[in-house]
Amino acid sequence: MPHRPKRVAVTSPQTRLAHLRGRARGRWRVPRLDADEAERAAALYLAQRRQGLLALILGVVTLVGLPLVLAVWPALDTIRPWTIPVSWLMLAVLPYPALTALSFWQLRQAERIERR
Amino acid sequence: MATLVAVATVMVVTLLIGLHGVAAMRTTSDFLVASRRVSPLLNSAAVSGEYLSAASFLGVAGLVVRDGVGALWYPVGFTAGYIAMLILVAAPMRRSGALTVPDFAEARLASPGLRRLSAVVVLVIGALYLVPQLRTAGLVLSVVSDLPYWVGVVIAGVVVSATLALGGMRAATYVQAFQFLVKLLLFIVPALWLLVIVGPHVRHEAVHPVEFTHFPKDTAVEFQVDATLTFPEPVTVRTPDGTETVLGPGEVRVDANQTLVFPKDTPVPTVNGGGIPGGEQWHRPLLNLSDYGHPLLATLAVLTATALGTMGLPHVLMRFHTSPDGRSARRTAAFTVALLGIFYLFPGIYGALGRVLVPELYLSGVTDTVVVALPSRVSDDWVGTLMTTLLSVGAFAAFLATSVGLLLVISGAISYDLLPGGLRRLRITVLLAAAVMVLLALPAAPLAAGMLVTWGFTVAASTFCPLLVLGIWWPRLTKAGAVSGVLVGLFSTLGAIAVALFGPPLAGWQAILITQPAPWTVPLAFATMVVVSLRGQAPPWSRTAMLRLHLDEPPRDTR
């Protein structure tokens, strides 16, 4: 069987923190990567940075754009589908599905990059 | 009374879990080992369980009553924080193997000095985050039991520290995940019940806010903190024992722990120079910070702090380490966005109904109790009592989950990162830290929970956010750059907070940039780190240390 993972007790991270730190910490060592790993890591880093920037820009545009829209068009307060002002819905409801969609898209892209 | 018993039950059960923790962990270790593959969905429920604090459960609705609909930007920022976490931090942080930011600082930059500095920052964030939790718990206890505020705070502090000192946070992921479901149910069911039972008239008023100018009926206001009221004309108020006093016109100081009954049709005074609920600005969907104006700037300031601060919250970062690898840490962050999105659909309902049904809470200066005050206002039978009980229990569950995690992070930072220590010292540190937090929470009652919590986020956003983001994505970051950036971010934020608390009264956009300094402290910290790093030379292994964080694990076999 190819490298069966070591058995590790899963507890609250706080508990593990206490356990880990109770023992003496190992001396810090210079991090190393072998040539294959270094190459793959560099490629992943570049691809993830590109994807991350794109997602970050989308997120910022959404989160800065929404208050701007609400500030520029106060008329949105007076449009009332189902008697609730549309501007309230844009603040209290709309961001959550939008943020969820963005996060799932980013998750899919980031995992796709690692499958290559 | 029933409510007090229920809240006491929650506290006792938490204590018992704490006591039982050690034994349970040994005998069920096989069970725990088998659960090594904590699924991302379960883990994200646990993350949300720890994240949804008393400030989310009660504070947001209270801010809506006080400041207006725009206060709903806080939960948007809280949720957006997990997107920033997902994009920038989750997977590389998990792959670094570091459990906390001090660990990360040492692993990435090999700097014990930066580790200690980060530990100090953990203390600051922890204090700014824990004080409002204790304050809110104290307020809720004093509402459901008629105990004075300070007794409530002390009880809350004792329960948290006793839980932690006796058993530690041994309860595994399942407890936190279960807590999330409990909080979700205890929040949603009463909200839907309220929406149905208030009737069409109140529902109509909730979405058509009118200014709260005159008391619609004889209204008793219980002052839990000192308040300064400004009366436009003299008003005759009664105390419950029947004595009548004339207040105003002009400013009147009302001491804490007394109840005043305002007669029907008298004009409503303003509080501490603030606005009036339901007024001109109340219905606007942008944040109205203490009537400073510039709602767009205030909104963006709070969004910056909360969205960028989340990734630096010490008790949340640690949660991600229950994930077996970087890939599932990333999934955990993504699912957390969805789960928080469900929860945060509901504070607005409590806020909008609270403005109609209990606007007088606003006079007492403390609106955080709006959620627990609502059910008894619309129904005086057993259902109302039951709903009040459910909400109080939920609020306490929220308070305990967050506070226990925070207190352990604080104590860990003191006894391991700053001083050499063992388990015994950790336990003593827990008690001392809790005592200090209680002392800090005692005078904090008049401060808005939202403001204090946002300060915690602002410190995280101006220190740990640049440290993590540049540490993970920029190979040229140096020790000197990281240390000076964290120092600049920490002191500029603390300076702004000190001016806000003790400085002269401010107005306009300057006031916003002092009370919510994230828009300038975060860029300042980033700039300092970049400039100082560029003037120095990163060690030759720096690039490898960074690339290592981006290397994915070999794919797991999918048996």
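Which residue takes a positive phi just after H6(B)? In this predicted model, the residue in question is B:Ala110, whose phi is about 55 degrees.

The helix that precedes B:Ala110 deserves attention in its own right. Helix H6 of chain B spans residues 101–109, and 8 of its 9 residues are buried, so the helix is largely enclosed by the rest of the structure. A residue counts as buried here if 20 or more other C-beta atoms lie within 10 Å of its own. In H6(B), this criterion is met by B:Val101, B:Pro102, B:Asp103, B:Phe104, B:Ala105 and B:Glu106, and also by B:Arg108 and B:Leu109. The buried set thus includes the charged residue types written as Asp, Glu and Arg in B:Asp103, B:Glu106 and B:Arg108.

The strands of chain B come next. Three of them, in the order S5-S2-S7, form an open sheet with antiparallel pairing. Strand S5 (250–254) and strand S7 (270–271) lie at the edges, each pairing on one side only. Between S2(B), which covers residues 227–231, and S5(B), the antiparallel pairing runs over 5 bridges. Within this pairing, B:Ala227 has B:Val254 of S5(B) as its bridge partner.

A further antiparallel pair is made by strand S3 (residues 235–238) and strand S4 (residues 244–247) of chain B, joined over 4 bridges. Here B:Val235 is placed opposite B:Leu247 of S4(B). The two strands form a hairpin with 5 residues between them, and in this hairpin B:Gly242 adopts a positive phi near 105 degrees.

Key: Residues numbered from 1 in each chain as written. Chains lettered and ligands numbered in written order. Predicted model: local features only at pLDDT ≥ 70, side-chain atom pairs only at ≥ 80, totals over all residues. Pairing = 2+ DSSP bridges. Buried ≥ 20, exposed ≤ 12 C-beta atoms within 10 Å, placed from the backbone.
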